[in-house]
Amino acid sequence: MVQEKPAPGQQEVKNVVRTFYNSLNEHLNKSGFGEYSTFLNWGYVADHNPEFSQIQLPKRCLNKNCLKLILELVGDCDLTDRDILEVGCGRGGNIQTLDRFFAAKSFTGLDITPASIAFCKQHLENQQRHFLEGDAETLPFADSSFDVVINVESSNAYPHIFQFYSQVVRVLKPGGYFLYTDILKIEQFEDCIKYLQDQGLVLEVERDITSNVLLSRQEMAKTQMKSFGMLAPNDSSNTTAAEKDVFDFFLAPEDSQFFQQIQEGRFSYKIFRFKKI
Ligand SMILES: C[S@@+](CC[C@H](N)C(=O)[O-])C[C@H]1O[C@@H](n2cnc3c(N)ncnc32)[C@H](O)[C@@H]1O
C-alpha cells in the first residue's frame with residue numbers, strides 16, 4: 001500500500017508511517033483473524049501479460065493475490081541455499097510464502113514498525129527466520145551479508161529512496177540479486193534505475209505489472225478495507241477529507257481518485273530484478 005507523504009522532515013515521515021502501521025496492527029491483532037493477515041500489499045492478478053512464476057497456486061487459497069505478487073517477483077530467480085533479506089517486511093507474509101515454496105538458507109525481515117515486528121516474532125520466527133526493527137535507509141548489517149534483498153511496496157514511503165538503494169548495494173554479496181517491486185510516479189523510474197546501475201547493479205528484468213495490480217485492487221480493496229478496520233468514504237458521512245485521502249492512498253479502491261490516476265498512467269507498478277556484479 002502507498003503511504004501518504006507529508007511535506008515535513010524525514011524523521012516525521014517515518015513517525016507517521018510507524019503510527020499508521022502500529023494502529024493497523026493493533027486492529028488486526030484484535031480482530032480474531034490477525035494471524036492470517038500477514039500481507040499489507042496490493043496483490044497481483046494474472047491477465048494477458050506473460051507470467052514468470054514457476055509455481056502454480058491452487059484456484060482457491062488464502063491471500064492468493066499477495067502470494068502471486070511475491071512469486072511473480074521471484075520469477076525464475078534461484079533462492080536455494082540463499083541468505084535472504086526483506087526490507088519493509090510488514091507482517092511477514094512474503095517471508096512465510098518464500099519459506100513455503102523455496103529451500104533458502106535463512107530469512108531476515110526488517111521493518112520500521114514495532115508492532116509488525118512484534119507480530120512476526122510471535123507468529124513467524126524460527127531457526128531460519130529472524131525479524132528485527134530497523135530503517136531501510138540505515139540497514140544494520142555488515143557489507144556483503146545477503147545473497148538476495150527483497151523489497152515489496154515499501155520504498156514509496158522512504159524519504160530518501162537513493163539512500164535505501166545505496167544500502168541495498170552495500171549489504172548485497174557480489175553476484176547477489178535485488179528483487180524489487182513498487183508503485184512510483186512514472187517520471188521517477190528512470191532516475192531510480194540509473195542510480196542503481198551507477199552503483200554497479202545490472203538490470204536483468206523490468207516488467208510493468210500495473211494492469212495486474214489494478215485487477216487485484218478491483219478484487220480486494222474493499223475486503224482489505226474491512227479487515228483493516230477502515231470505513232469506505234461512502235459508508236460514513238463522518239469521514240473527513242483527510243481520512244478519505246489516507247484511504248485512497250493506502251488501498252486505491254476502484255472508485256478512488258488514486259486508482260484513476262494510476263489508470264491514466266501517472267503511476268506505474270513495476271517489478272525489477274537487478275544483479276550485483
Ligand atoms: C505496504 S506495506 C508492505 C509490507 C510487506 N512488504 C508486504 O508486502 O506485505 C509497507 C511497509 O513498509 C514499512 N516501511 C515504511 N517505511 C520504512 C522504512 N523507512 N524502513 C523500513 N520499513 C519501512 C512499513 O512499516 C510497512 O510495513
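**View 1. A second cavity with about 80 Å³ of space.**
About 80 Å³ of space lies in the second largest cavity. On a 1 Å grid over the protein atoms alone, a cavity is a set of points where a 1.4 Å probe fits but cannot get out. Lining residues are those with an atom within 4 Å of a point. Points are joined across faces, edges and corners, and the volume is the space filled by probe spheres set on them. Here the lining includes Phe52, Glu72, Leu73 and Val74, along with Arg207 and Arg273. Helix 2, strand 6 (201-208) and strand 7 (267-276) each give two or more residues to this lining. Helices (H or I, at least four residues) and strands (E, at least two) are DSSP runs, numbered from the N terminus. By class, the lining has 7 nonpolar, 1 polar and 4 charged residues. Ala, Val, Leu, Ile, Met, Phe, Trp, Tyr, Cys and Pro count as nonpolar, Asp, Glu, Lys and Arg as charged, and the others, Gly among them, as polar.

A quick note before the next view: this is a predicted model, where local features need pLDDT of at least 70, side-chain atom pairs count only at pLDDT 80 or more, and totals for chains, interfaces and linings use all residues. Residues are numbered from 1 along each chain as its sequence is written, and side-chain values use heavy atoms, with hydrogens and water left out.

**View 2. The largest cavity, at about 390 Å³.**
A search of the whole structure turns up 2 cavities of 30 Å³ or more, and the largest has a volume of about 390 Å³. It's lined by 32 residues, and the closest to its centre are Tyr21, Gly88, Asp111, Ser154 and Tyr158. Helix 1 (10-30), strand 1 (83-87), helix 3 (93-101) and strand 2 (106-111) each chip in two or more residues. Helix 1 gives the largest share, with 3 residues. Sorted by class, the lining has 14 nonpolar, 12 polar and 6 charged residues.

**View 3. The ligand in the largest cavity.**
What fills the largest cavity? The ligand takes up that space (a molecule sits in a cavity if more than half of its atoms lie within 2 Å of its grid points). There are 23 residues around the ligand, and Leu40, Gly88, Asp111, Thr113 and Ser154 come nearest (near means one heavy atom within 4 Å). That shell divides into 11 nonpolar, 8 polar and 4 charged residues.

**View 4. Ligand atoms meeting Gly88, Asn94 and Thr113.**
A nitrogen atom of the ligand is 2.7 Å from a backbone N or O atom of Gly88. Side-chain N or O atoms also lie by ligand oxygen atoms, at 3.0 Å for Asn94 and 2.7 Å for Thr113. The protein covers 100% of the 590 Å² of accessible area that the ligand has on its own (Shrake-Rupley method, 1.4 Å probe).

**View 5. The largest pocket, at about 360 Å³.**
The largest pocket has a volume of about 360 Å³. Of its 16 lining residues, Asn63, Met220, Thr223, Gln224 and Ser227 are the closest to the centre. A pocket is an open set of points with protein on both sides within 12 Å along at least five of seven lines. Helix 7 gives the largest share of the lining, 5 residues.

Terms used. A polar contact is a pair of N or O atoms within 3.5 Å; within protein, one must be able to donate a hydrogen and the other to accept it, and residues adjacent in sequence count only if both atoms are side-chain atoms.
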